[in-house]
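Good morning, and thank you for joining. I would like to take you through one structure, beginning with its cysteines and ending with a helix.

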Amino acid sequence: SKIMKEKLDTQNINYDYILYVPLHKKRERKRGFNQSKLIAKKLGKIENIKVLDSIYRNKNTTKLFKLTNEERSREVKNAFGFYKSIDLCKNKNVLLIDDIFTTGSTVNEISKMLKLKGVKKIYICTFLTRINCY
């Protein structure tokens, strides 16, 4: 969270709320935590910005790291929904936290839906990205 804050500060990114990519209830119960949520909560405390629990995963998607880009996009299509608290984000800028950015399928799907909900700007911040070596 501290590393993310430093990067956000250097980029001069301003946002009204922090959101995070949810896990499906079954996966979160099995794992015991959602790393994106933990990162978001810590960043929210550091920045003094409210973290909204506004997104839920309504589809227990397969683990995406095994899938091709096309399969990932199909897998996350319509996999997310919103709680009523998303209405706070209308005409606001939000920061969406995910733990790892591989192809962007997950954050792209959520971002499309956030735009339909009236979110002004969506910034994506992830802790890791996959490096492709050829």
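The sulfur of C125 lies 17 Å from the closest cysteine sulfur, which belongs to C89, and that is too far for a bond. Please keep in mind that this is a predicted model. To recall the chemistry, a disulfide is a covalent bond between the sulfur atoms of two cysteines. The cut-off applied here is a sulfur pair within 2.5 Å. How many disulfides does the structure hold? The count is zero. C89, accordingly listed as being in no disulfide, has the sulfur of C125 as its nearest cysteine sulfur, 17 Å away.

Let me turn to the surroundings of these two cysteines. Are they buried or exposed? C89 counts as buried because its relative accessibility is 0%, and the threshold for that label is under 20%. C125 is also buried, with a relative accessible area of 9%.

In soluble globular proteins, nonpolar side chains tend to be buried together. In this model, the largest nonpolar core has 19 residues, and the members that touch the most others are L19, C89 and L114. At least two residues of this core come from each of β1 (17-20), β3 (80-82), β4 (93-101) and α5. The largest share, four residues, is supplied by α5. Apart from this core lies another, of 13 residues, and C125 is among them, as are M4, L8 and I97.

Which residues does C89 touch, once those up to four places away in sequence are set aside? They are Y17, L19, L52, V94, G118, V119 and K120. One of these, G118, takes a positive phi of about 95° just after α5.

That brings me to the helix itself. Helix α5 covers residues 105-116. Its 12 residues, at 1.5 Å a residue, should span 16 Å, and the end C-alpha atoms are 17 Å apart, which agrees. Within α5, the buried residues are S105, T106, V107, E109, I110, S111, M113 and L114. The list therefore includes L114, which I mentioned earlier for its contacts in the largest core.

I close with T106, which is found in α5. T106 counts as buried because its relative accessibility is 10%. Leaving aside neighbours within four places in sequence, T106 is in contact with V21, R57, L64, V76, F80 and D98.

Thank you; I would be glad to take questions.

Definitions and conventions: Residues numbered from 1 in each chain as written. Predicted model: local features only at pLDDT ≥ 70, side-chain atom pairs only at ≥ 80, totals over all residues. Heavy atoms only, no water. Buried < 20%, exposed > 50% of the residue type's maximum accessible area, 1.4 Å probe, protein only. Contact = heavy atoms within 4.5 Å. Expected span 1.5 Å × (residues − 1). Core = buried A, V, L, I, M, F, W, Y, C linked by side-chain atoms within 4.5 Å.
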